Amino acid sequence: MPTNPSLAARRKVLGAAVETTKGTKQAMAAAMASTIVYDAKMKPDGIFDDGERAPNLLTGGTLPRTKGLQKGSLTFRTEMVHDDQFMTLIQGCGFSVATGSGGIDTATPTTDLNAQKTLTFELWEGGRRKILYGANGTFTLEAAGSAQRVFCSWEFSGIFETPDDEAMP
């Protein structure tokens, strides 16, 4: 029986966790099962340090290209709904989150690099698990009009780890 390719392409599960130590992969407690994720794409961007350095008086300012950690990017969209993973994701976009009176979370933009968090993402698709850690990013709110759904478009970049075989959680 043939499968619907558009349905098969949407069979993805995304997990996100705030890292306790910046740039160190965090174990996934649970996938973002309550959050519907659209158009999730994680890909490697490059494996080489470009060698560009600020010039000084003794050198020309460039070094040979060296193989290093692989950079990667993740893009996806979510619908903004109450009690989803928005407060987790926004911490990777330069916001600090605090729980106020009555258990209500508030997000405040911060320029203090020590207060900013990094995230670890795991994307399961087609029997493969892709990991991006040490990730920071941006988001854009999209509202089509009054009484319409509000979407968040997310873009993160970090360190891409070699994918492995793992079934969806």
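**Exercise 1. The surroundings of Leu89**

Task: Leaving aside its neighbours within four places in sequence, identify the residues with which Leu89 is in contact, and place Leu89 in the largest nonpolar core.

Solution. Step 1: Beyond the neighbours within four places in sequence, Leu89 is in contact with Ala16, Met32, Phe76, Leu119, Phe121, Trp154 and Phe156. The structure examined here is a predicted model.

Step 2: The largest nonpolar core has 21 residues, and those touching the most other members are Leu74, Phe76, Leu89, Phe121, Leu132, Trp154 and Phe156. At least two residues of this core come from each of S1, S2, strand S3 (66-79), H2, S6, S7 and S8. With four residues, S8 gives the most.

Step 3: As general background, nonpolar side chains in soluble globular proteins tend to be buried together.

**Exercise 2. The enclosure of strand S6**

Task: Explain why strand S6 (residues 119-125) is described as largely enclosed by the rest of the structure, and state which strands are joined to S6 by bridges.

Solution. Step 1: A residue counts as buried under 20% relative accessible area. Seven of the seven residues of S6 are buried, so the strand is largely enclosed by the rest of the structure.

Step 2: Consider the directions of the side chains. In a regular strand they alternate between the two faces of the sheet. In S6, Leu119, Phe121, Leu123 and Glu125 point one way, while Thr120, Glu122 and Trp124 point the other way; all are buried.

Step 3: Consider the partners. Strand S1 (residues 12-18) runs antiparallel to S6 and is joined to it by seven bridges; Ala17 has Thr120 as its bridge partner in S6. S7 also runs antiparallel to S6, with six bridges between them, and Leu132 in S7 stands opposite Phe121.

Step 4: Examine the connection. The hairpin of S6 and S7 has two residues between the strands, and Gly126 takes a positive phi near 55° there.

**Exercise 3. Aromatic pairs between distant parts of the sequence**

Task: The structure holds ten aromatic pairs. Classify the geometry of the pair Tyr38 and Phe151 and of the pair Phe86 and Phe139, and state which elements each pair ties together.

Solution. Step 1: Planes over 60 degrees apart count as edge-to-face. The ring centres of Tyr38 and Phe151 are 5.8 Å apart and their planes lie at 70°, so this pair is edge-to-face.

Step 2: Tyr38 belongs to strand S2 (residues 37-49) and Phe151 to strand S8 (residues 150-165), so the pair ties together parts 113 residues apart in sequence. Tyr38 is partly exposed, at 27% relative accessible area, whereas Phe151 is buried, at 11%.

Step 3: Phe86 and Phe139 also form an edge-to-face pair, at 5.8 Å centre to centre with 90° between the planes. Phe86 lies in helix H2 (residues 86-90) and Phe139 in strand S7 (residues 128-143), so parts 53 residues apart in sequence are tied together. Phe86 counts as buried at 15% relative accessibility, while Phe139 is partly exposed at 21%.

Step 4: Ring pairs link Phe76, Phe86, Phe95, Phe121, Phe139, Trp154 and Phe156 into a cluster. In addition, the charged end of Arg77 sits over the ring of Phe151, 4.4 Å from its centre.

**Exercise 4. The overall arrangement**

Task: Give the order of helices and strands along the sequence and the share of residues that are buried.

Solution. Step 1: The protein has two helices and eight strands, arranged along the sequence as α-β-β-β-α-β-β-β-β-β.

Step 2: Of the 169 residues, 31% are buried.

Terms used. Residues numbered from 1 in each chain as written. Predicted model: local features only at pLDDT ≥ 70, side-chain atom pairs only at ≥ 80, totals over all residues. Heavy atoms only, no water. Buried < 20%, exposed > 50% of the residue type's maximum accessible area, 1.4 Å probe, protein only. Phe/Tyr/Trp six-rings, centres within 6.5 Å; stacked < 30°, edge-to-face > 60°. Lys NZ or Arg CZ within 6 Å of the ring centre and 35° of its normal. Pairing = 2+ DSSP bridges. Core = buried A, V, L, I, M, F, W, Y, C linked by side-chain atoms within 4.5 Å. Contact = heavy atoms within 4.5 Å.
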